Amino acid sequence: MATREFKAESKRLLDMMIHSIYTHREIFLRELISNASDAIDKLYYQALTEDISGLSRDDFFIRITPDKDARTLTISDNGVGMNEEELEENLGTIAQSGSLAFKKENDQNEEIDIIGQFGVGFYSAFMVSDKVTVITKPYGSEKAWRWESSGAEGYTIEEAEKASHGTDIILTIKPSTEDENYDEFLEPYRLRELVKKYSDYIRYPIKMQVEHSHLKEGTGTEDKPAEYETVLEDETLNSMVPIWKKNRSELKPEDYNQFYKEKFFDFQDPLLTIHSSTEGAATYNALLFIPSRPPFDFYTKEFQKGLQLYASGVLIMDKCADLLPDYFSFVRGLVDSQDLSLNISREMLQHDRQLKLIADRLTKKIKSELKSMLEKDREKYETFYKSFGLTLKYGVYSDYGAHKDTLQDLLLFYSSSEKKLVTLAEYKERMKEDQKYIYYACGDTVEKIDRLPQTELLKDHGYEILYLTDDVDEFALKMMRDFDGKEFRSAADKDLGIEETAETEESKARAEESKELLRFMKDALEGKVKDVRLSTRLKSHPVCLSADGGISLEMEKVLNTMPGDQKVQAERVLELNADHPVFAKLKELFASNPDKVKSYAGLLYNQALLIEGLPIEDPVAFSTAVCDLMAE
Ligand code: ADP
């Protein structure tokens with residue numbers, strides 16, 4: 001029989017397992033039991049939906065059999081089993097398990113930790129075994145198969161005999177050495193302990209033959225002293241109550257954390273756990289988690305949102321997307337409801353009233369839990385926000401702002417005056433009596449925004465400004481329009497709602513006076529700007545750019561990074577500071593040397609672009625113009 005080679009990636013993981021020095025190698029049992037439970041889930045679900053008779057829930061079990069003499073530990077299940085192709089596919093490669101993709105994303109040094117805390121599945125068996133044998137028979141098939149491997153050299157698959165459907169995983173346990181004790185994995189008391197610790201919630205009985213001492217029949221009477229005999233009896237090691245059906249008071253944070261990490265393949269504790277049960281219009285148990293940080297694929301197209309969906313304790317869907325709105329796509333977890341039919345198809349599920357009701361309740365619950373975290377534990381909320389705030393902001397923007405009311409209280413932005421993240425409500429609370437708008441300014445970083453000339457006037461008034469650094473920010477605010485009756489206003493807007501920016505007789509007169517010069521400069525810029533104006537917002541800088549109309553310069557930048565040929569242009573306005581010496585110079589030159597004004601218009605425009613973080617059209621020409629000026 002030819003030995004088949006493991007796929008390259010599997011080989012690497014296998015190597016890690018075999019040479020693992022990880023002290024928590026005991027988790028191999030949890031992994032194999034979880035696989036067995038999944039295999040039973042699959043068959044049970046099939047039985048219910050395809051109406052297979054003769055399979056009852058009570059018939060399913062997992063069995064653990066230690067054999068000290070043979071040094072084997074067998075984990076058996078009567079689940080779906082695997083055919084030859086599935087054996088090859090599932091145990092010859094770990095592509096499906098996600099652990100390798102995760103490992104790639106992370107520092108190599110973390111390897112050891114990942115083995116212990118991250119679900120590594122079947123391969124973990126090699127941490128304790130010299131040889132692993134799998135004997136399996138698919139449900140409804142005549143043929144059984146044996147898969148065997150002693151590690152990295154590869155594995156063999158051949159036909160085998162097996163009485164009934166399901167899978168036996170037979171581990172040949174490594175010999176103990178002076179430093180390493182493997183014998184413990186053959187001890188019933190230790191195995192019982194491990195099942196209790198890691199697999200108590202598994203919903204099928206995990207059985208083991210255990211020696212029990214019994215009073216011998218006919219003894220222990222008046223004439224005969226008590227005699228005892230040892231008999232082997234089946235013991236069910238787990239309580240079988242899934243964690244989400246347990247009472248909250250019975251559970252410790254560690255129980256939830258353990259469950260989360262194992263079930264959702266994370267190696268960090270969740271940031272927040274929500275355990276809720278509801279009766280009435282919708283009856284369900286839900287156990288939801290917010291991860292401490294985004295999963296490695298969270299911000300990729302591959303990421304799929306969704307919660308596990310159980311109908312009366314039977315897993316019917318692994319990722320039910322309809323249970324979560326996109327703006328809470330980071331939530332992991334499960335819902336178990338008795339109101340759903342097992343036979344329901346994916347398409348029908350989408351229109352299921354009950355499911356909609358559950359989804360609405362869960363959304364409200366998640367919102368209120370986040371709100372309460374924001375109020376009670378700001379530091380933790382900020383950790384959350386750093387990971388997932390972007391998702392909330394996209395949520396505000398999407399669906400034409402339909403989720404504004406749900407999400408607006410959960411947003412944080414950096415504040416110019418507080419020098420930290422603040423909520424919109426906090427901003428509003430601090431607004432000055434005469435302040436009309438909630439001001440914001442956009443840029444790449446907080447530091448860069450803080451230096452923008454456009455913010456000078458607002459700062460002079462002592463108004464707080466929200467600094468927006470994410471692409472989506474301004475779009476989100478524009479979609480919201482206002483918060484609690486106060487409109488948002490960009491620091492670059494023409495009208496900032498303050499005295500200086502209002503049109504007065506004086507400002508009109510000034511503009512009138514410089515009309516010729518401003519028009520001349522506009523023409524000199526040959527269509528690059530919609531207008532050249534006297535600024536009302538500039539204090540110490542000579543020049544800045546602003547935009548008329550609905551599209552700001554920031555939005556222009558963002559929109560133009562998106563795929564598509566259509567380029568968007570904000571209606572650019574070049575603003576000049578009439579109190580700046582440069583302006584006096586322009587006026588002077590306009591009378592004596594208009595050509596100079598032409599070239600200065602270009603210089604000033606380019607300067608404004610640079611301040612804004614926008615590319616200048618011809619850097620070489622700009623540099624030459626500056627040099628000419630220096631050499632004058
Ligand atoms: P994961 O469970 O993360 O997918 P594993 O390496 O643990 O990765 O298992 C790989 C695949 O092998 C499983 O997805 C499953 O299809 C199959 N498998 C493992 N154990 C069993 C079993 N006891 N019965 C049936 N199929 C199994």
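Tyr 400 turns up in the loop between helix H10 (378-397) and helix H11 (404-407). In this predicted model, the phi of Tyr 400 sits near 55 degrees, a positive value in a residue other than glycine. Tyr 400 counts as exposed because its relative accessibility is 78%, and the cut-off for exposed is over 50%. Asp 484 tells a similar kind of story. This residue has a positive phi of about 50 degrees although it is not a glycine, and its place is the loop between strand E18 (482-483) and strand E19 (486-490). With a relative accessibility of 52%, Asp 484 counts as exposed too. A positive phi also appears just after helix H7, where Phe 265 takes a value of about 50 degrees. Helix H7 itself spans residues 253-263, and its buried residues are Tyr 256, Asn 257, Phe 259, Tyr 260, Lys 261 and Glu 262.

Now for the ligand. The shell around the ligand holds 11 residues, with Asn 35, Asp 77, Asn 90, Gly 121 and Phe 122 the closest. By type, this shell splits into 4 nonpolar, 5 polar and 2 charged residues. Helix H2 (27-49) and helix H3 (84-91) each put in at least two residues, and H2 gives the most, with 3. Several of the closest residues also make polar contacts. On the nitrogen side, an N or O atom in the side chain of Asp 77 is 2.9 Å from a nitrogen atom of the ligand. As for oxygen, a polar side-chain atom of Asn 90 lies 3.3 Å from an oxygen atom of the ligand, while Phe 122 uses its backbone, with an N or O atom 2.8 Å from an oxygen atom of the ligand. Taken alone, the ligand would expose 530 Å², and the protein buries 85% of that.

That leaves the nonpolar interior. The largest nonpolar core has 73 residues, and those touching the most other members are Leu 309, Leu 323, Phe 328, Tyr 381, Phe 384 and Leu 392. Helix H9 (residues 353-376) supplies the largest share of this core, 8 residues. Leu 323 shows what such a well-connected member looks like: leaving aside residues up to four places away in sequence, Leu 323 touches Leu 307, Leu 309, Val 335, Leu 355, Ile 358, Ala 359 and Leu 362. Apart from this core lies another one, made up of 66 residues, among them Phe 28, Ile 33, Leu 43 and Phe 289.

Definitions and conventions:
Residues numbered from 1 in each chain as written. Predicted model: local features only at pLDDT ≥ 70, side-chain atom pairs only at ≥ 80, totals over all residues. Heavy atoms only, no water. Near = heavy atom within 4 Å. Polar contact = N/O pair within 3.5 Å; in protein donor to acceptor, adjacent residues only side chain to side chain. Areas by Shrake-Rupley, 256 points an atom, 1.4 Å probe, with all protein chains shown as cover. Helix = DSSP H or I, 4+ residues; strand = E, 2+ residues; numbered from the N terminus. Nonpolar A, V, L, I, M, F, W, Y, C, P; charged D, E, K, R; others polar. Buried < 20%, exposed > 50% of the residue type's maximum accessible area, 1.4 Å probe, protein only. Core = buried A, V, L, I, M, F, W, Y, C linked by side-chain atoms within 4.5 Å. Contact = heavy atoms within 4.5 Å.
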